[in-house]
Amino acid sequence: MYSLVIHGGAGDLSKKAIKELTEKTGITDLEKRYETALKECCELGEKVLKNNGSAKDAVLQCISFMENNYLFNAGKGSSANCKKKFRLEASIMNGKDGSYGACALINKVKNPIKLAEKIMSSKKVAKFIGGSHATYKLAKEYDLETVSPRYFRSKYRTKLNNINKHHNYGTVGAVALDTFGNIVAGTSTGGLFEKEKGRIGDTAIPNISTFADNKIGGISLTGKGEYIIKKAIAYDIIARMKYKNISMEKAIKEILPQLEKNNVGIIGIDAKTGKTSMNFNTKRMFRGNIENSKSLNNRKKQNIPNIAIW
């Protein structure tokens with residue numbers, strides 16, 4: 001049994017914004033590009049999992065893929081802060097033992113999620129590291145690819161933010177369950193457009209928007225960081241599952257109506273069933289999932305594709 005679920009951000013990429021972007025960028029197939037990117041990402045993760053690869057590798061490949069795609073507000077397509085500088089963040093958590101790695105205020109590491117994983121796997125005490133100098137030094141130590149801060153400046157993201165600045169969009173995340181029963185969750189973001197200097201959002205904080213426990217499930221969130229931190233949403237969902245002995249889908253449906261609208265998108269995998277969840281209270285969330293388990297094998301008989309794109 002294996003499962004994978006991804007998100008490319010929750011928010012309000014309205015039809016009006018799409019029309020304006022088409023006019024300003026000349027990209028006439030923007031929606032198709034998002035769909036294609038999400039499908040390719042799912043297929044990349046599925047290739048790892050169906051060949052008995054690890055959930056960690058699947059998550060790393062999926063998130064790195066989206067970090068390298070200008071369409072998403074992570075890595076290449078990140079949003080600048082109020083000083084026109086780039087400060088990225090990411091976190092990853094392993095459900096096998098609760099280990100985690102997190103990094104923030106990054107401006108020279110090409111793939112923050114890879115740095116977060118190195119921090120998680122390291123024997124060093126520190127598991128949450130921030131600052132451009134410290135993270136750059138670590139990236140060099142771990143032989144990770146580094147780039148000039150200019151690399152993160154995307155014409156597409158700049159135009160999108162100018163059109164839709166109050167509905168920042170594109171944080172990425174992935175949760176995977178591998179054939180060995182291990183669950184890993186990860187999240188990466190370029191942060192809020194014109195955010196305050198030094199601001200750290202929910203993405204870099206384990207247990208808040210990224211959570212994994214092999215006995216319960218895994219979760220990655222997207223949305224308004226300060227609100228997600230305030231409500232400790234990922235842990236709230238997991239706690240409901242644990243103490244009320246309910247499914248992830250039920251736990252999410254309990255909590256979602258209690259949250260202020262236009263604030264959050266949630267993806268996750270229920271450890272007991274392998275079923276994925278994709279829920280949001282914004283107008284939209286880019287998402288995709290793959291489920292392959294004994295309980296879901298009849299999908300093939302029904303000609304239902306394994307990949308479902310928003």
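Me: Let's start with a pair of strands. In which sense do β9 and β10 pair, and over how many bridges?
Reply: Happy to start there. Keep in mind that this is a predicted model. Strand β10 (residues 276-280) pairs with β9 in the antiparallel sense, over 5 bridges. To see the register, find Ile 269, which stands opposite Thr 276 in β10.

Me: How many residues lie between β9 and β10, and which residue in the turn has a positive phi?
Reply: The two strands form a hairpin with 5 residues between them. Look at Gly 274 in that turn, where phi is positive, about 80 degrees.

Me: What lies on the other side of the pairing? Which strand do 7 bridges join to β9?
Reply: That is β8, joined to strand β9 (residues 264-270) by 7 bridges, and the two run antiparallel. Here Gly 218 stands opposite Ile 269 in β9. Ile 269 is also the residue that stands opposite Thr 276 in β10, which makes it a handy landmark while you turn the model.

Me: And how many bridges join β7 to β8?
Reply: There are 4 bridges between strand β7 (residues 210-213) and β8, again with the strands running antiparallel. A hairpin of 3 residues links β7 to β8. Phe 211 has Ile 219 as its bridge partner in β8.

Me: Is β8 mostly covered or mostly open, and how many of its residues are buried?
Reply: Mostly covered: in strand β8 (residues 217-223), 6 of the 7 residues are buried.

Me: Now helices. How far apart are the end C-alpha atoms of α2, and what should the helix span?
Reply: The idea is to count 1.5 Å a residue, so the 21 residues of helix α2 (residues 30-50) should span 30 Å. The end C-alpha atoms are 30 Å apart, which agrees.

Me: Which residues in α2 are buried?
Reply: Among them are Leu 30, Tyr 34, Ala 37, Leu 38, Cys 41, Cys 42, Gly 45, Val 48 and Leu 49, and the buried set also includes a glutamate, Glu 46. The buried residues cover an arc of only 165 degrees around the axis, which puts them on the same side of α2. The general idea is that an α-helix has 3.6 residues a turn, so residues three or four places apart point the same way. Just after α2, Asn 52 takes a positive phi of about 60 degrees.

Me: Which other residues have a positive phi although they are not glycine?
Reply: Try Glu 194, with phi of about 60 degrees, and Asn 245, with phi near 55 degrees. Glu 194 is in the loop between β6 (183-189) and β7, while Asn 245 is in the loop between α8 (233-244) and α9 (248-255).

Me: How exposed are Glu 194 and Asn 245?
Reply: Exposed means over 50% relative accessible area. Asn 245 is at 56%, so it counts as exposed. Glu 194 is at 39%, so it counts as partly exposed. For contrast, Gly 101 in strand β3 (residues 100-106) is buried, because its relative accessibility is 0%.

Me: Last one: which residues line the second largest pocket?
Reply: The lining includes Ser 78, Ser 79, Lys 84, Phe 86, Arg 153, Arg 157, Asn 161 and Phe 193. By class, the whole lining has 3 nonpolar, 6 polar and 3 charged residues. The volume of this pocket is about 150 Å³.

Terms used. Residues are numbered from 1 along each chain as its sequence is written. This is a predicted model: local features need pLDDT of at least 70, side-chain atom pairs count only at pLDDT 80 or more; totals for chains, interfaces and linings use all residues. Side-chain values use heavy atoms; hydrogens and water are left out. The expected span of a helix is 1.5 Å times one less than its number of residues. Buried means under 20% relative accessible area, exposed over 50%, partly exposed in between (1.4 Å probe, protein chains only). The arc is that of the directions from the helix axis to the C-beta atoms. Two strands pair if DSSP finds at least two bridges between them. On a 1 Å grid over the protein atoms alone, a cavity is a set of points where a 1.4 Å probe fits but cannot get out, and a pocket is an open set with protein on both sides within 12 Å along at least five of seven lines; lining residues have an atom within 4 Å of a point. Grid points are joined across faces, edges and corners, and a volume is the space filled by probe spheres set on the points. Ala, Val, Leu, Ile, Met, Phe, Trp, Tyr, Cys and Pro count as nonpolar, Asp, Glu, Lys and Arg as charged, and the others, Gly among them, as polar.
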